[in-house]
Amino acid sequence: MSDMITLALSKGRIFEETLPLLAAAGIEVLEDPEKSRKLILPTNRADVQVVLVRATDVPTYVEHGGADLGVAGKDVLIEHGGEGLYQPLDLKIARCRMSVAVREGFDYEAAVRQGSRIRVATKYTTIARQHFADKGVHVDLIKLYGSMELAPLTGLADAIVDLVSTGKTLKANQLVEVEPFMEISSRLVVNQAALKLKRDRLRPLIDAFAAAIPKD
């Protein structure tokens with residue numbers, strides 16, 4: 001297994017948008033993760049495999065050597081801390097934005113201007129804490145792992161900090177985006193030890209990814 005190159009990916013948008021980059025490097029994943037129960041997928045190269053993990057676990061697998069490289073969103077990397085990871089490329093895929101959203105009719109500007117504490121629900125506590133600290137706004141952070149939109153509707157929080165792509169989910173739940181503050185895309189992350197030990201095989205792969213990055 002030490003000769004195998006292992007790429008950690010999460011199912012969904014990141015997986016789908018990584019496929020063209022892999023194709024540019026001459027790599028094809030041989031099984032559809034949505035149809036297979038396998039967590040390790042073979043490719044057309046005997047020395048390359050893909051492991052399927054939760055998006056939030058990609059940096060951990062790469063950092064600790066469970067994978068040689070992986071693709072993770074900027075949001076995940078900030079929350080993880082990014083220690084021990086080489087981040088050579090912004091792949092410019094799976095783009096979205098980090099935003100503050102509130103229920104319709106809530107006066108967000110007044111709430112933060114008055115200097116009173118506001119309650120913010122999010123799973124991105126590191127990002128949210130830094131954002132409001134930069135604004136000089138005092139917040140009580142409530143960590144949630146799903147259904148963020150419910151928090152303002154039930155009175156659990158005044159606002160949420162979450163990823164927004166089209167904004168349709170917010171609108172469907174009577175929420176409004178009031179403050180987009182960080183552009184998010186996915187990065188290539190590489191295990192530093194693997195980069196030294198497998199440099200001759202990893203470097204061409206990294207270079208092929210770089211050449212295939214979508215142009216703005």
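## The second largest pocket

In this predicted model, the residues lining the second largest pocket split into four nonpolar, four polar and four charged. You can pick them out by name: K123, Y124, E149, D162, L163, V164, S165, T166, G167, K168, T169 and L170. Strand 9 and helix 7 are the elements that each give two or more residues to this lining. As for how much room there is, the volume of the second largest pocket comes to about 180 Å³.

How do we find spaces like this in the first place? Rolling a probe the size of a water molecule over the atoms shows where empty space is left.

## The largest pocket

Now for the largest pocket, which has a volume of about 590 Å³. Its lining takes in 24 residues, and those lying nearest the centre are A55, D75, V76, K123 and Y124. Two or more lining residues come from each of these elements: helix 1 (13-24), strand 4 (69-73), helix 3 (74-80) and strand 9 (159-164). K123 and Y124 should ring a bell, since they are also on the list for the second largest pocket.

How many nonpolar, polar and charged residues are in the lining of the largest pocket? The tally is 12 nonpolar, five polar and seven charged. And which domains does the lining draw on? Domain 1 (5-95 + 184-212) and domain 2 (97-183) each supply at least three residues.

## The whole chain

Let's step back and look at the full protein chain. Its secondary structure adds up to nine helices and 11 strands. Lined up along the principal axes, the C-alpha atoms fill a box of roughly 60 × 35 × 30 Å. The chain has 216 residues, and 46% of them count as buried.

## Strand 3 and its two partners

Strand 3 covers residues 48-52, and five of its five residues are buried. Try following the side chains along the strand: V48, V50 and L52 point one way, while Q49 and V51 point the other way. Whichever way they point, all of these residues are buried.

Which strands pair with strand 3? One is strand 1 (residues 5-9), which runs parallel to strand 3 and joins it over five bridges. Another is strand 2 (residues 40-42), which pairs with strand 3 in the antiparallel sense over three bridges. Strands 2 and 3 also make a hairpin, with five residues between them. A handy residue to click on is V50: it is the bridge partner of L7, and it is the bridge partner of L41 as well.

## A five-stranded sheet

Elsewhere you'll find an open sheet of five strands, in the order 8-7-9-6-10, with mixed pairing. Strand 8 (139-143) and strand 10 are the edge strands, each pairing on one side only. Going from one strand to the next, the twist averages 30°.

Take a closer look at strand 6 and strand 10. They pair in the antiparallel sense over eight bridges. M98 stands opposite M182 in strand 10.

## Two loop residues with positive phi

Most residues other than glycine have a negative phi. That makes a couple of loop residues fun to look up. K92 has a phi near 60°, a positive value in a residue other than glycine. You'll find K92 in the loop between strand 5 (85-90) and strand 6 (96-103). Is K92 buried or exposed? Neither, quite: K92 counts as partly exposed because its relative accessibility is 29%, which falls between the 20% and 50% cut-offs.

Q174 also has a positive phi near 60°, and Q174 is not a glycine either. This residue sits in the loop between helix 7 (168-172) and strand 10 (175-184). With a relative accessible area of 41%, Q174 is partly exposed too.

## A buried proline

Finally, look for P152 in helix 6 (residues 150-154). P152 has a relative accessible area of 3%, so it counts as buried; the cut-off for that is under 20%. P152 and E104 are 48 residues apart along the chain, and their C-alpha atoms are separated by 9.6 Å.

Key
Residues are numbered from 1 along each chain as its sequence is written. This is a predicted model: local features need pLDDT of at least 70, side-chain atom pairs count only at pLDDT 80 or more; totals for chains, interfaces and linings use all residues. Side-chain values use heavy atoms; hydrogens and water are left out. Buried means under 20% relative accessible area, exposed over 50%, partly exposed in between (1.4 Å probe, protein chains only). Helices (H or I, at least four residues) and strands (E, at least two) are DSSP runs, numbered from the N terminus. Two strands pair if DSSP finds at least two bridges between them. Axes are lines fitted to C-alpha atoms, for helices over the stretch in contact, and angles run from 0 to 180 degrees between N-to-C directions. On a 1 Å grid over the protein atoms alone, a cavity is a set of points where a 1.4 Å probe fits but cannot get out, and a pocket is an open set with protein on both sides within 12 Å along at least five of seven lines; lining residues have an atom within 4 Å of a point. Grid points are joined across faces, edges and corners, and a volume is the space filled by probe spheres set on the points. Ala, Val, Leu, Ile, Met, Phe, Trp, Tyr, Cys and Pro count as nonpolar, Asp, Glu, Lys and Arg as charged, and the others, Gly among them, as polar. Domain bounds come from an automatic or database domain assignment.
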